[in-house]
Each structure stands twice: as structure tokens, then as C-alpha cells.
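Here's a quick briefing to read alongside the model. Have a look at the fold first, then work through the notes.

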Amino acid sequence: MKDSINELKSEFKAKLLFWNNIQSIKVKIALSLLFIALIGLKVFTTVLTFDWLSDLFS
């Protein structure tokens, strides 16, 4: 368990270091929008899947 926590911490530090090394604000904004779009797409498809399943069983 402790190894998993240490691995997560090191991954987080690596991602934070990558983020801090990006100099361009435009790239940071583009990455942020891409991340938000991916989350939105996941939520949207999940809602549609559950809506389709509920219609199937009713």
C-alpha cells in the first residue's frame, strides 16, 4: 500500500514538473480546455448510456 502511495506521489510530482516547465500560456490554456472537454465528453456519453439503458428496461 505504501508503495502505491509513493508511486502516486511521484507521478503527481512528474505531472506538476511537466506543467511548470511549459512556458507558453497558450499551450497551458489548450491543455486545460482539452482536459475539460475530455471530462465533459465522458460525462455526456455516460449520461446517454444510462438513458439508453433505462429506456431499454422500461
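Buried means under 20% relative accessible area, exposed means over 50%, and partly exposed is in between (1.4 Å probe, protein chains only). By that yardstick Glu7 is exposed, at a relative accessible area of 52%. This is a predicted model, where local features need pLDDT of at least 70, side-chain atom pairs count only at pLDDT 80 or more, and totals for chains, interfaces and linings use all residues. Residues are numbered from 1 along each chain as its sequence is written, and side-chain values use heavy atoms, with hydrogens and water left out.

**Fold and shape**
- The protein has two helices and zero strands (DSSP runs, H or I of at least four residues for helices and E of at least two for strands, numbered from the N terminus).
- Glu7 sits in helix 1, residues 2-21, and Val47 in helix 2, residues 25-57.
- Glu7 and Thr49 are 42 residues apart in sequence and 33 Å apart in space, C-alpha to C-alpha.
- The C-alpha trace spans about 50 × 40 × 5 Å along its principal axes.

**Surface**
- Just 2% of the 58 residues count as buried.
- About 5,700 Å² is exposed, with carbon and sulfur atoms supplying 72% of it (Shrake-Rupley method, 1.4 Å probe; for residues, only the protein chains shown count as cover).

**Charge**
- There are 7 positive and 5 negative side chains, and the centres of the two sets lie 16 Å apart.
- Lys and Arg count as positive, Asp and Glu as negative, while His and the chain ends are not counted; each charge is placed at NZ of Lys, CZ of Arg, CG of Asp or CD of Glu.
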